[in-house]
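Please open the model in your viewer and keep the selection panel at hand. The stops below are meant to be followed in order, each with something to select and something to look at.

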There are 2 protein chains.
Amino acid sequence: MGNLADRIEEYLKRILEQASEGYIMLQRSELAGVFSCVPSQINYVLDTRFTVERGYLVESRRGGGGYLRIVRLELGLEGQYQQVMRQLIGEQLSRDRLNGLMDRLVNEELVTLREAALVKSILSGDALSGEFRDWDVLRARLMKNILTTLSREDL
Amino acid sequence: MGNLADRIEEYLKRILEQASEGYIMLQRSELAGVFSCVPSQINYVLDTRFTVERGYLVESRRGGGGYLRIVRLELGLEGQYQQVMRQLIGEQLSRDRLNGLMDRLVNEELVTLREAALVKSILSGDALSGEFRDWDVLRARLMKNILTTLSREDL
DNA sequence: AAGTAGAAGGTCAGGAAAGGTCAATAATGA
DNA sequence: TCATTATTGACCTTTCCTGACCTTCTACTT
């Protein structure tokens, strides 16, 4: 519990809690400086503690003026719904099931009609048939991605 | 946003916003002077931020009395933007260009932030890299598909 | 008209300033 | 013990910034 990774995790979660906009931005080397550790230790913490499964999204930019940006995902009621959805999807997702899921999300008013149409047009479009190895698997992976995006607190 | 390039970008966009003609004219060396940097830094900003995908056109003239002219490209409001977009997309569409295009659509208020995030998460997602033969070609096709969906009157 | 000096902007390579990755080692705990 | 988790450091990629050198244009001189 007293270990570095846990302390950094706690620190980040505390300031993330207070962030009204649902995200925080900071610099890796600076944070490493605060905890007197190597910068890659920050990556370790992000990789192990701030995963999508745990309700976080991490974006970054390199180069001069680079940054880390940690986004909170909704963990409330809707968030739990997302979790259920993820399990529903499983490893494969057929076209029909995708359409069903999107319709359901529209009914639940979690996505708009337009958003649903967008997703359907991409994931059920036949502009791609035959291009892939394993379209159902891919569709499932993309759908999880979509759900994650929809639950971002910064949008 | 502490870096120079971002500040110059912001500055240019701000005065472009206020320009009644839809374009601004200025001198490279002068602008460099304002930001106390070398003139080529201006080119860097123009090359990376004021691209056609993002809705800008840069013209210039050398020699005595030379200038830079940045033009804001308008997307015809009444669904005419479809043609322009299709042209811009072409046969292949890189991740960066996609992001530029989506940002522009958001700016023009043709799509919402959430919709843009959705599209980006699907089409730039790295969950897929390496799965396909020719991801850039596919991305272009999908993007055109999306445009069609967006122009549907029933949404 | 031709030539030329000076005043723009353009290009490109290299260095600096971020963050990313990976493998080796250390610490922890069942 | 020994398997998992944590920590470090060496090396990589991306983005930004600068400076040296190049090209184009105008104006002036002869």
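For the first stop, a residue is taken to be near a strand if its C-beta atom, placed from the backbone, lies within 6 Å of that strand. Bear in mind throughout that this is a predicted model.

**DNA strand D**

Select DNA strand D together with the residues around it: there are 28 of them, and the closest are Leu4(A), Gly63(A), Leu4(B), Ser40(B) and Gly63(B). If you colour by element, you will find that two or more residues of this surface come from each of α1 (4–18) and α3 (39–49) of chain A, and likewise from each of α1 (4–18) and α3 (39–49) of chain B. Coloured by class instead, the surface near DNA strand D shows 14 polar, 10 nonpolar and four charged residues.

**DNA strand C**

Move the selection to DNA strand C, which has 25 residues around it, with Gln27(A), Arg28(A), Gly66(A), Arg28(B) and Gly66(B) coming nearest. Here the elements that each supply at least two residues are α2 (28–34), α3 and β3 (67–72) of chain A, together with α2 (28–34), α3 and β3 (67–72) of chain B. The surface near DNA strand C is made up of 17 polar, four nonpolar and four charged residues.

**Chain A as a whole**

Now hide the DNA and show chain A, which contains seven helices and three strands. Traced along the sequence, its elements follow the pattern α-β-α-α-β-β-α-α-α-α, and along its principal axes the C-alpha trace spans about 55 × 35 × 30 Å. Of its 155 residues, 20% count as buried. Among the contacts in chain A with a separation of 6 or more, 64% are between residues 24 or more positions apart.

**The crossing of α1(A) and α3(A)**

Isolate these two helices, whose axes come within 10 Å and cross at roughly 70°. Because angles of 65 to 115 degrees count as roughly perpendicular, α1(A) is described as roughly perpendicular to α3(A). To see the contact itself, select Leu4(A), Ala5(A), Ile8(A) and Glu9(A) on the α1(A) side, and Gln41(A), Ile42(A), Tyr44(A), Val45(A) and Arg49(A) on the α3(A) side. By class, the residues of this contact are six nonpolar, one polar and two charged.

**Two buried residues of chain A**

Select Val119(A) in helix α6 of chain A; this residue counts as buried because 26 C-beta neighbours lie inside 10 Å. Beyond its neighbours within four places in sequence, Val119(A) is in contact with Met102(A), Ile146(A) and Leu118(B). A distance label from Val119(A) to Leu142(A), 23 residues apart along the chain, should read 9.7 Å between C-alpha atoms.

Continue to Leu147(A), which sits in helix α7 (residues 135–150) of chain A and is also buried, with 22 C-beta neighbours inside 10 Å. Again leaving aside neighbours within four places in sequence, the contacts of Leu147(A) are Gln82(A), Met85(A) and Arg86(A). Its C-alpha atom is separated by 28 Å from that of Gln27(A), 120 residues apart along the chain.

**Helix α7 of chain B**

Turn to chain B and select residues 135–150, the 16 residues of α7, whose end C-alpha atoms are 22 Å apart, in agreement with the 22 Å expected at 1.5 Å a residue. Which residues of α7(B) are buried? They are Leu138(B), Arg139(B), Ala140(B), Leu142(B), Met143(B), Ile146(B) and Leu150(B). Show their surroundings as well, since these buried residues pack against α6 (113–123) of chain A together with α4 (81–89), α5 (95–107) and α6 (113–123) of chain B.

**Three last selections in chain B**

Lys13(B) is found in helix α1 of chain B and is partly exposed, with 15 other C-beta atoms within 10 Å. From Lys13(B) to Arg28(B), 15 residues away in sequence, the C-alpha to C-alpha distance is 15 Å.

Next, select Ser36(B) in the loop between α2 and α3 of chain B, where phi is positive, about 50°, although the residue is not a glycine. Ser36(B) counts as exposed, with 8 C-beta neighbours inside 10 Å.

Finish at Glu109(B), in the loop between α5 and α6 of chain B. Its phi is near 60°, a positive value in a residue other than glycine, and Glu109(B) is exposed, with 8 other C-beta atoms within 10 Å.

Definitions and conventions: Residues are numbered from 1 along each chain as its sequence is written. Chains are lettered from A and ligands numbered from 1 in the order in which they are written. This is a predicted model: local features need pLDDT of at least 70, side-chain atom pairs count only at pLDDT 80 or more; totals for chains, interfaces and linings use all residues. Helices (H or I, at least four residues) and strands (E, at least two) are DSSP runs, numbered from the N terminus. Ala, Val, Leu, Ile, Met, Phe, Trp, Tyr, Cys and Pro count as nonpolar, Asp, Glu, Lys and Arg as charged, and the others, Gly among them, as polar. Axes are lines fitted to C-alpha atoms, for helices over the stretch in contact, and angles run from 0 to 180 degrees between N-to-C directions. Angles under 35 degrees count as roughly parallel, over 145 as roughly antiparallel, 65 to 115 as roughly perpendicular and the rest as oblique. Two residues are in contact if their C-beta atoms, placed from the backbone, lie within 7 Å. The expected span of a helix is 1.5 Å times one less than its number of residues. A residue is buried if 20 or more other C-beta atoms lie within 10 Å of its own, exposed if 12 or fewer, and partly exposed in between; C-beta atoms are placed from the backbone.
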